[in-house]
Amino acid sequence: MCFDAEVTLKGRVLIIEDEKSLALACRSILEEHGHHVQHCLKGREGLSLLQQDDFDVLLLDLRLGDMDGMQILEEAGRMNHSAYIIIMTAYSTVPNALEAMKLGAFDYLTKPFTDDQLILCVRRAVEKKRLVQENARLKRELVDRYAFSNIVGENPKILEVFQHIQRVAPTDCTVLICGEHGTGKELVARAIHAHSRRASEKFIAIDCSTLSPSLLESELFGHVKGAFTGATQDKAWIFQIAGNGTLFLDDIANLSLEIQGKLLRVLEAKEYKPVGASEFRTTEARVISATNKDLRSLAAQGAFREDLLYRLDVFPIFLPPLRERKDDIPRLAYHFLQLFCRKMSKHIEGFTEDALEAMVNHPWPGNVRQLKNVVERIVIMIDQPLVDLSTLMDHLETRRRWSYARIPRTLSELKSFKKVVLREHYDGVEKLFLLQALREHGGNISKAAQAVGMQRSNFSALMKRHHIPTSFKRSSSV
């Protein structure tokens, strides 16, 4: 990683040197090159300054009047400081140098040294510190982005997922993430990577369902020039690109049996052979896979290798569908609402009670991904302060039109079609019908029932069916 010269020449340097003329000379040279420099002639004073202030570099003489430089090194090692220490000494011996390095010294300057030697040594120390800081910052960003705060929920099932991530992340164990489409399998895989020792390495995701077997094999393992028609040059392989990072294989059930065999060799022997190559290559990448299918059933049918299943299923993590963690839906809805309001610079206060209740009772076949998409559409489309039930129903997939390709062919299909239409279309309108009557009559069930021409008992039964509380009050947003 490279840094601009102006940046690298602006370190904060502390000089501890009891020879005043040398200390002043070093300070003058370094200040000419843009550094901010302090100096002191006593070891105790230098330790005090090091503890009080944040320095990039400490230039330390090994022989001081009031204490030994090695003693300062030892005490500095116990302090919470981030300075890179450069030893200055006229007594340059290999044992001294090794001992200083063991105690945390970054580099060693032998007196007398030239201006260029001093400048280069300090510059290297400052650049090293900047590099470490930048890597730490990027790692923090990665962890923040894929931390547990981005996997929202307090349902016991999702809390169990958090515990599994914490347990398995620090290891190199192969992980299999199971769950329906939209439950957040890649998000969990990224969280495992972000909390692992590989966090600063690459995370590469491959969707095994989007490529043909031949293309997928070439993507995973690469190929050499001339391996097949059109292979005009060597192609880098994903396992090579991943290096010491993490490779996430989504929809792994879609791998052909041939590729499954090659993947098995990777997991067992850490080696593979690019298409057309004569020699095996090695890899240290960690493999995390995901599926929305029952791999055991596929293995029993001969569609998935049983030996590969056992290698993948070392540490399984099961993601519950959203319908099994309904108590998290309000939390997720507000999380996405705030997220997209920030992105689009909009202000929407929240959801009305009936809208939130409708969201909780919706089946969400697309799980968290579908909920996220619905909230995003709502934020784009509305300008009102609250999301009410009518607005929500507009953006749920309840008003789809069926194409001719889906016209039922049998009586059984026709009946199934009728059930779907009733559930997705009529039920929503029926609930809106009840809510409108209640709003118009201030929540009075008897008056609402009478106004629409229904008996109170039938009206109450429908309210119960649609989970409308009997204490319903007119929403101020309507």
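**Exercise 1. The largest nonpolar core**

Task: In this predicted model, determine which residues of the largest nonpolar core touch the most other members, and which helices supply it.

Solution. Begin with the membership: the largest nonpolar core holds 39 residues, and those touching the most other members are F351, M359, W364, L371, V375, L392 and F459. Next, assign the core to helices. At least two residues each are supplied by α14 (329-344), α15, α16 (367-381), α17 (389-395), α18 (411-440), α19 (445-452) and α20 (456-465). Of these, α14 gives the largest share, with seven residues. Then take V375 as an example: leaving aside residues up to four places away in sequence, V375 touches A333, F336, L337, F340 and M359. Finally, a second, separate core of 31 residues is present, and C178, F221, L267 and L312 are among its members. As a general background, nonpolar side chains tend to be buried together in soluble globular proteins.

**Exercise 2. The open sheet**

Task: Establish the strand order of the open sheet of five strands, and explain why β2 and β5 each have one side without a neighbour in the sheet.

Solution. The order is β2-β1-β3-β4-β5, and the pairing is parallel. Because β2 (36-40) and β5 (105-110) stand at the edges and have a single partner strand each, one side of each lacks a neighbour in the sheet. From one strand to the next, the twist averages 20 degrees. Within the sheet, β3 (residues 57-61) and β4 (residues 84-89) pair in the parallel sense over five bridges; L58 stands opposite I85 in β4. Two helices can then be placed. Helix α3 (residues 43-52) packs on the sheet and touches β1 (12-16), β2 and β3, its direction making about 160 degrees with that of β1. Helix α4 (residues 69-78) also packs on the sheet, touching β3, β4 and β5, and its direction makes about 150 degrees with that of β3.

**Exercise 3. Two polar residues**

Task: Decide whether E271 is buried or exposed, do likewise for T352, and identify a side-chain polar contact of each.

Solution. E271 lies in strand β9 (residues 271-272). Its relative accessibility is 19%, so E271 counts as buried, the cut-off being under 20%. The side chain of E271 makes a polar contact of 2.4 Å with the side chain of R265. Not counting residues up to four places away in sequence, E271 touches R265, V266, F280, R281 and T282.

T352 is located in the loop between β13 (350-351) and α15 (353-361). With a relative accessible area of 5%, T352 is buried. The side chains of T352 and D354 are joined by a polar contact of 2.5 Å.

How values were computed. Residues are numbered from 1 along each chain as its sequence is written. This is a predicted model: local features need pLDDT of at least 70, side-chain atom pairs count only at pLDDT 80 or more; totals for chains, interfaces and linings use all residues. Side-chain values use heavy atoms; hydrogens and water are left out. Helices (H or I, at least four residues) and strands (E, at least two) are DSSP runs, numbered from the N terminus. Buried means under 20% relative accessible area, exposed over 50%, partly exposed in between (1.4 Å probe, protein chains only). A polar contact is a pair of N or O atoms within 3.5 Å; within protein, one must be able to donate a hydrogen and the other to accept it, and residues adjacent in sequence count only if both atoms are side-chain atoms. Contact means heavy atoms within 4.5 Å. A nonpolar core is a set of buried Ala, Val, Leu, Ile, Met, Phe, Trp, Tyr and Cys residues joined through side-chain atoms within 4.5 Å. Two strands pair if DSSP finds at least two bridges between them. Axes are lines fitted to C-alpha atoms, for helices over the stretch in contact, and angles run from 0 to 180 degrees between N-to-C directions.
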